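Welcome, and thanks for opening the viewer. Please load the model and get ready to select a few pieces one after another.

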Amino acid sequence: MRGLLVCLLVALSIICANADFVEDMSQETLFPLKQAAKRSLANKIFQENQKNSNLASVEPLSSSLTTDLTSIDAPPSEYYLISINLGYNSLPSGISQIPKVKDIMSVGGLKVILVKTDQSRDAVLQELRAAGYFNYQVEKSYQHTLHTQPTLDRLDQATLPLDNSYTSIGEGAGVHLYIVDSGILGSHEQFNGRYVLDFVAPGQNATPCNFHGSWVASAAAGETMGPASQSTIHDLHVGMVELECAFYTSTAISALSWIYENGTLPGVINLSWQGPGNSVLDAVIGQLYSLGYFIVTAAGNAGSPTAACLNSPARAPFALSVGAIDETDSIAYFSNYGDCIDIWARGTDVPGADVTGDTDYTVASGTSVAAPVVSGLAAVYYSLFHYSVSSQITIELQQSSVYGQVLGMASDLSNNRLASIYWYQTGVSVPTTPTGESSLLRVFD
Ligand SMILES: [Ca+2]
């Protein structure tokens with residue numbers, strides 16, 4: 001559990017200080033609202049870009065870290081733990097030869113006997129007493145599992161309340177998910193056998209510099225926590241220890257360049273960080289999109305209506321920007337919003353993989369964790385539909401989204417879209433959305 005979630009932010013690199021703004025708005029774009037907003041802001045962005053050279057900052061994110069990670073779920077079967085206080089009883093002689101006894105463990109002054117039986121708890125107690133063994137405590141062995149991931153739970157239903165379940169339509173097998181972040185604990189149980197280390201920032205080692213990358217990766221592709229639970233997870237570790245896990249745009253671009261040169265399609269690239277507007281970074285993202293990668297980014301956590309249109313990669317025409325909603329489907333108080341948000345996903349109180357141990361978890365909030373939900377969903381769609389063109393994934397994400405569900409924004413905005421598999425999962429035909437249709441057609445232009 002952590003008291004504060006710190007998002008990875010990019011410090012503007014020198015490489016862009018003198019770069020001309022890349023006016024690529026006339027090309028195919030993701031959403032018309034975003035396109036219009038970006039057009040109007042292009043000059044302003046460029047001017048700010050010039051002023052912001054070498055700016056380094058770390059943006060504090062929200063956190064709400066009280067959620068208990070474990071819950072007692074349905075009892076699996078017939079296992080009972082019998083605890084014996086040795087102060088009163090010695091172990092029955094020959095107990096280890098009894099077939100139903102599966103294990104005997106010592107825990108301090110206690111012996112704990114694991115029994116497999118289909119008897120009820122009371123029946124086990126009665127049997128022990130009939131045999132002359134008192135002072136036993138008999139407890140059922142429960143299956144301790146994580147709460148149903150709120151991100152997943154929300155993904156498979158159109159409306160609230162959450163039903164504490166997630167029914168998959170696919171797990172993203174065969175798709176490569178590139179996480180450009182603070183490093184991932186590849187040995188974590190959530191990433192079992194699906195982890196590849198691709199890139200480490202110069203001067204760094206493979207050890208994650210904080211939990212962020214693992215938490216993000218589990219939201220996209222964790223064994224039990226992300227939609228793409230069969231995708232291959234690629235770690236591009238850009239976070240720098242000396243910057244408290246922040247990094248430079250140039251390092252991010254190095255990582256993206258590595259993907260361009262060495263990556264495998266179909267692929268989804270997750271960028272759960274923001275920095276000042278950067279035309280070079282935006283252009284690099286455009287190159288990867290053209291090659292067939294789908295790029296997803298966090299909207300940012302400034303709670304601002306304009307920041308996503310000013311910052312990169314959120315403003316990048318070929319990066320899908322994901323805003324965060326809370327447990328009431330309202331825009332999370334920290335989430336950026338406005339015309340440059342393309343889609344929404346749950347981003348508050350989300351458990352995820354931690355880096356302190358292979359079975360450790362943490363809970364945090366941020367658009368950083370909403371983005372990988374959509375990245376994972378994009379991987380699922382690549383896997384299901386075998387698209388080779390990035391724009392087809394955009395269309396799938398749009399068409400499968402639940403329209404008008406996000407509270408706190410006008411319902412007639414075409415970007416009021418909640419990422420969802422609801423229509424696929426239920427077999428209900430996808431509804432026509434009032435203003436979304438035009439944006440779909442534009443992608444085909
Ligand atoms: Ca659900």
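Start with two helices: α8 and α9 cross in a right-handed way. To find them, select residues 367–385 for α8 and residues 390–400 for α9. Their axes lie 10 Å apart, and the packing angle is about 110°. Since angles of 65 to 115 degrees count as roughly perpendicular, α8 is roughly perpendicular to α9. Now show the side chains where the two meet: α8 brings V374, L377, A378, Y381, Y382 and F385, while α9 brings I393, E396 and L397.

Stay here for a moment and pick H386, which sits in the loop between α8 and α9. Is H386 buried or exposed? H386 counts as exposed, because it has 10 C-beta neighbours inside 10 Å. Its phi is near 55°, a positive value in a residue other than glycine.

**Stepping back**

Zoom out to see the whole chain. Keep in mind that this is a predicted model. The protein chain holds 11 helices and 21 strands. Of its 445 residues, 49% count as buried. Look too at how the chain meets itself: among contacts between residues at least 6 apart in sequence, 77% join residues at least 24 apart.

**Strand β10 and its neighbours**

Next, select residues 232–237, which form strand β10. How many of the six residues of β10 are buried? Six of the six are, so this strand is largely enclosed by the rest of the structure. In a regular strand, side chains alternate between the two faces of the sheet. Here T232, H234 and L236 point one way, and I233, D235 and H237 point the other way.

Add β8, residues 176–181, to your selection: β8 pairs with β10 in the parallel sense over six bridges. Within that pairing, look for Y178 opposite H234. Then add β9, residues 195–200, another parallel partner of β10, this time over five bridges. Here V200 has H237 as its bridge partner.

Now bring in helix α4, residues 212–221, which joins β9 and β10 in a left-handed β-α-β unit. Is α4 mostly covered or not? Of its 10 residues, 10 are buried; among them are H212, W215 and V216.

For a contrast, click on N192 in the loop between β8 and β9. N192 counts as partly exposed, because it has 13 C-beta neighbours inside 10 Å. Then select S229: it is 37 residues from N192 along the chain, yet the two C-alpha atoms are separated by 9.8 Å.

**A pair of helices, α5 and α6**

Select residues 249–262 for α5 and residues 279–291 for α6. The axes come within 10 Å and cross at roughly 15°. Angles under 35 degrees count as roughly parallel, which makes α5 roughly parallel to α6. This crossing is left-handed. To see where the helices meet, show T249, A252, I253, L256, I259 and Y260 in α5, together with V280, L281, V284, Q287, L288 and L291 in α6.

Just along the chain, pick P266, in the loop between α5 and β12. The peptide bond from L265 to P266 is cis, with omega near -5°. You can visit another cis bond, the one from L160 to P161, where omega is near 5°. P161 is in the loop between α3 and β8.

**Strand β16 and its neighbours**

Select residues 319–325, strand β16. Seven of the seven residues are buried, so β16 is largely enclosed by the rest of the structure. A319, S321, G323 and I325 point one way, with L320, V322 and A324 pointing the other.

Add β14, residues 294–298, which pairs with β16 in the parallel sense over four bridges. I295 has A319 as its bridge partner. Then add β17, residues 343–346, which also pairs with β16 in the parallel sense over four bridges. In this pairing, I325 is partnered with R346.

For a last stop, choose D349 in the loop between β17 and β18. Is D349 buried or exposed? D349 is buried, because 21 other C-beta atoms lie within 10 Å. D349 has a positive phi of about 50° although it is not a glycine.

Notes
Residues numbered from 1 in each chain as written. Predicted model: local features only at pLDDT ≥ 70, side-chain atom pairs only at ≥ 80, totals over all residues. Buried ≥ 20, exposed ≤ 12 C-beta atoms within 10 Å, placed from the backbone. Pairing = 2+ DSSP bridges. Right-handed = clockwise from strand over helix to strand, strands pointing away. Axes fitted to C-alpha atoms, helices over the stretch in contact; angles between N-to-C directions. Parallel < 35°, antiparallel > 145°, perpendicular 65-115°, else oblique. Left-handed = near helix turned anticlockwise from the far one by under 90°. Contact = placed C-beta atoms within 7 Å.
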